[in-house]
Amino acid sequence: MSKVGYGSLSWRLKPVKLGAVASLPFFLAAMQLNGHKVTSDYELTPISLPGASGVVALDYFAYDRSTGKLWVPASNTGNVDVIDESSDAVSQVAGFKTGEVELRGRKVPLGPTAVSVGDGVVYVGNRGDSSLCVIDAQSLKRGECLQVAPASAGPAAAPDAVVYVAVTRELWITTGAPPIGVASADKTIQVFDVSEPHHLKSKLKIPLDGSAEGYAVDNQRGLFYTNVEEAGKTVAIDVRSHKVIAEWKVHDDLQGLTLDSARGFLFVACGDHIVSLDIGHGGRVIDSIVTGPGLDNIDFSSEQKLLYAAASVTATLSIIDVADDGKFHLKALVPTAKGARGVIAGKGERAYLIDPIEGRILKMTHK
């Protein structure tokens, strides 16, 4: 969940071809964040989520490159929606429990809010009842569920991120909702053995000195990266020893992470900008680029060497070229919708954004 403050912005962008709106005032203002105008040649296609009416608490979604499926946990609808990339058709895995969860002094209906693609399965974290469940990726049948904490323990003990670590055949989960002030109950990352993909076995806990927020997995080097919210730092954890082996004080306001594993660059979302770290040389800062406030989960396309970052306050998606030296070059700034945050790179120059306010997914394609 991102730290979103919408301020006085009250407009809403209707679905349009984006090349036609480059003169809109908010678009021009957003482009000034980077000091120059950028021509946009992209369009958004909204994909409605069945059963959604108004706001849906969308958070961690996932793209399976092997099948071309986008997996979207649609929280308060009680469904996990599966979108086919070629047709935009939506299938559903239904029947997940939802529950009233207290956040910031009010009751909010929540259900599944995190997914991760495993070995022939998909793992689902449910904030509504603090459970983990398994879905068969081909049949879409829901399998076993495991209780992470009693549902009465609340959001501090419920799953936040759910992450499959292929090299060790483990599932790592973080808990709490640190960006909105809900610290992890035990300040750990919980690790599950999923060597049998359809079965979850609790394995161990990795202690941290704060709540984990965001993640990036480097299976090539055997490293897991996350931000520690209260400490305002980014850490690297060895996935075999389960020990923190490096940490960097990048910024106090940290959100998502993504990785260019081939070239050894880690990208960290920090408030209204992104920082590039050279993880092969002690994590030195290589470059920084302003995107606008309201960042959440960012993503990198190794195929296109493009970094995607959605700023929910300015309602823009920054598409950033990453050079071989790790330096940033803004390629395009695409107008999106108020509150649109969290982005996943698809195949080619395609990306998907979550739009919680409208309860939908926005599919971005190059014209």
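A residue counts as buried when its relative accessible area is under 20%, as exposed when that area is over 50%, and as partly exposed in between. Keep that scale in mind as we walk through this predicted model, beginning with its cysteines.

Cys133 has a relative accessibility of 4%, so it is buried. Cys145 comes out at 39% and is therefore partly exposed. These two residues form a disulfide, with their sulfur atoms 1.9 Å apart. The torsion about the S-S bond of Cys133 and Cys145 is about 110 degrees, which means that the disulfide is right-handed. The pair links distant parts of the chain: Cys133 sits in strand β10 (residues 131-136) and Cys145 in strand β11 (residues 142-147), 12 residues apart. The count for the model is 1 disulfide. Elsewhere, Cys270 has a relative accessible area of 0%, so this cysteine is buried.

From β10 we can step back to the strand it pairs with. β9 and β10 are antiparallel partners, joined over 6 bridges, and Gly125 stands opposite Leu132 of β10. Their hairpin has 4 residues between the strands, and in it Ser130 adopts a positive phi near 60 degrees. β9 also pairs with strand β8 (residues 112-117), again in the antiparallel sense, over 5 bridges. Here Pro112 has Asn126 of β9 as its bridge partner. The hairpin of β8 and β9 has 3 residues between the strands, with Gly120 at a positive phi near 80 degrees.

How many residues of β9 are buried? The strand is mostly covered, with 6 of its 6 residues buried. In a regular strand, side chains alternate between the two faces of the sheet. In β9, Val121, Tyr123 and Gly125 point one way, while Val122, Val124 and Asn126 point the other way, and all are buried.

Tyr123 and Leu132 bring us to the interior. The largest nonpolar core has 28 residues, and those touching the most other members are Tyr123, Leu132, Leu171, Trp172, Ile189, Phe224 and Ile237. Several strands each supply at least two residues of this core, including β9 (121-126), β10, β13 (170-175) and β17 (223-228). Its largest share, 5 residues, comes from β12.

Phe224 gives a good view of the packing. Leaving aside residues up to four places away in sequence, Phe224 touches a set that includes Val163, Val165, Trp172, Ile189, Val235 and Ile237. Apart from this core lies another, of 17 residues, among them Leu44, Leu317, Ile319 and Met364. In soluble globular proteins, nonpolar side chains tend to be buried together.

Note on methods:
Residues numbered from 1 in each chain as written. Predicted model: local features only at pLDDT ≥ 70, side-chain atom pairs only at ≥ 80, totals over all residues. Heavy atoms only, no water. Disulfide = S-S within 2.5 Å. Buried < 20%, exposed > 50% of the residue type's maximum accessible area, 1.4 Å probe, protein only. Core = buried A, V, L, I, M, F, W, Y, C linked by side-chain atoms within 4.5 Å. Contact = heavy atoms within 4.5 Å. Pairing = 2+ DSSP bridges.
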